[in-house]
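Hi everyone, thanks for making the time. I'd like to walk you through one chain today, so let's put it up on the screen.

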Amino acid sequence: MRSKRSFIDYSLDKRATLIALFRGATDACDADPYLLRAAKFHGERADRNCPVCKKDELVELRYTYGDQLGQFQGRIKTIAELMQMELEFGEFRVYLVEVCKSCHWNHLVHSFTLGDGKERKPPRKQKTIEDEDYR
Ligand SMILES: [Zn+2]
């Protein structure tokens, strides 16, 4: 992704959560049903195993946020879709969350900004399959 900028790494926070988890001080393996469903249908396999249960059930979800995305913000996008979106939008932010489908560990990994930097109006509201779902 060529326009990647304003990168924030949350690995220190993740390490702290893992240490607390291994001490029994917290329950971080608490992915809610919505997140687990998203992981099942939209998760892209991570190139590493779960830091908690060590199984290869770890997937990544990339959530997109930004005013220019309009009604489409908050959607999960694949790497291929993000590479297309960075050419179509001026600025939006990507939050990468890792979720283990086995033990339900979940944590924010990093976030970054994408886009070509040009100001754009959000796309016009249009009816989508998702809108139909909520009726
Ligand atoms: Zn796990």
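**A walk through the fold**

Let me begin at a small detail: right after helix α1, Gly24 adopts a positive phi of about 80 degrees. Before going further, please keep in mind that what you see is a predicted model.

Now, α1 itself. It covers residues 11-22, and its 12 residues reach 16 Å from the first C-alpha to the last, close to the 16 Å expected at 1.5 Å a residue. Is this helix largely in the open or largely buried? Of the 12 residues of α1, the number buried is one, so the helix lies largely in the open.

Let me step back to the whole chain. There are four helices and five strands, and along the sequence they follow the pattern β-α-α-β-β-α-β-β-α. The C-alpha trace spans about 50 × 35 × 25 Å along its principal axes. Buried residues make up 22% of the 135 residues. If you like contact maps, here is a number for you: among contacts with a separation of 6 or more, 63% are between residues 24 or more positions apart.

Next, the sheet. In what order do the five strands sit? They form an open sheet, ordered β1-β5-β4-β3-β2, with antiparallel pairing. The edges belong to β1 and β2, the latter being 44-45; each has a single partner strand, so one side of each is left without a neighbour in the sheet. Helix α2, residues 33-42, packs on this sheet and touches β3, β4 and β5, and its direction makes about 105 degrees with that of β3. As a reminder of the chemistry, strands of a sheet pair through backbone hydrogen bonds, either parallel or antiparallel.

Let's go through some of the pairings. Strand β3, residues 58-65, runs antiparallel to strand β4, residues 92-100, and eight bridges join them. In that pair, Leu58 stands opposite Cys100 in β4. On to the pairing of β4 with β5, residues 106-114: this is also antiparallel, over eight bridges. Here Phe92 has Leu114 in β5 as its bridge partner, while Val94 is bridged to Phe112 in β5.

For the edge strand β1, residues 5-9, let me pick out Ser6, which lies in it. Which residues does Ser6 touch, not counting those up to four places away in sequence? They are Phe112 and Thr113. Ser6 and Thr113 are 107 residues apart along the chain, yet their C-alpha atoms are separated by 5.8 Å. Ser6 is exposed, with 10 other C-beta atoms within 10 Å; the cut-off for exposed is 12 or fewer.

**Where the nonpolar residues gather**

The largest nonpolar core has 10 residues: Ala31, Ala39, Cys50, Val52, Leu58, Leu61, Val97, Val99, Cys100 and Trp105. Both β3 and β4 supply at least two residues each, and β4 gives the most, with three. There is also a second, separate core of six residues, including Leu69, Met85, Val94 and Leu114. You have met two of these names already: Leu114 as the partner of Phe92, and Val94 as the partner of Phe112.

Going back to Val97 for a moment, its contacts, leaving out residues up to four places away in sequence, are Leu61, Tyr63, Asn106, Leu108 and Val109.

**Two backbone angles to look at**

I'll finish with phi angles, since some of you will want to check them. Most residues other than glycine have a negative phi, and most peptide bonds are trans. Against that background, take Lys54, which is not a glycine but has a positive phi of about 70 degrees. Lys54 sits in the loop between β2 and β3.

The other one is His104, again a residue other than glycine, with a positive phi near 75 degrees. His104 belongs to the hairpin of β4 and β5, which has five residues between the strands.

So are these two residues buried or exposed? Lys54 is exposed, as it has 12 other C-beta atoms within 10 Å. His104 is buried, because 20 other C-beta atoms lie within 10 Å of its own, and 20 or more is what it takes to count as buried.

That's my tour; happy to rotate the view to anything you'd like to see again.

Notes. Residues numbered from 1 in each chain as written. Predicted model: local features only at pLDDT ≥ 70, side-chain atom pairs only at ≥ 80, totals over all residues. Contact = placed C-beta atoms within 7 Å. Pairing = 2+ DSSP bridges. Expected span 1.5 Å × (residues − 1). Axes fitted to C-alpha atoms, helices over the stretch in contact; angles between N-to-C directions. Core = buried A, V, L, I, M, F, W, Y, C linked by C-beta atoms within 7 Å.
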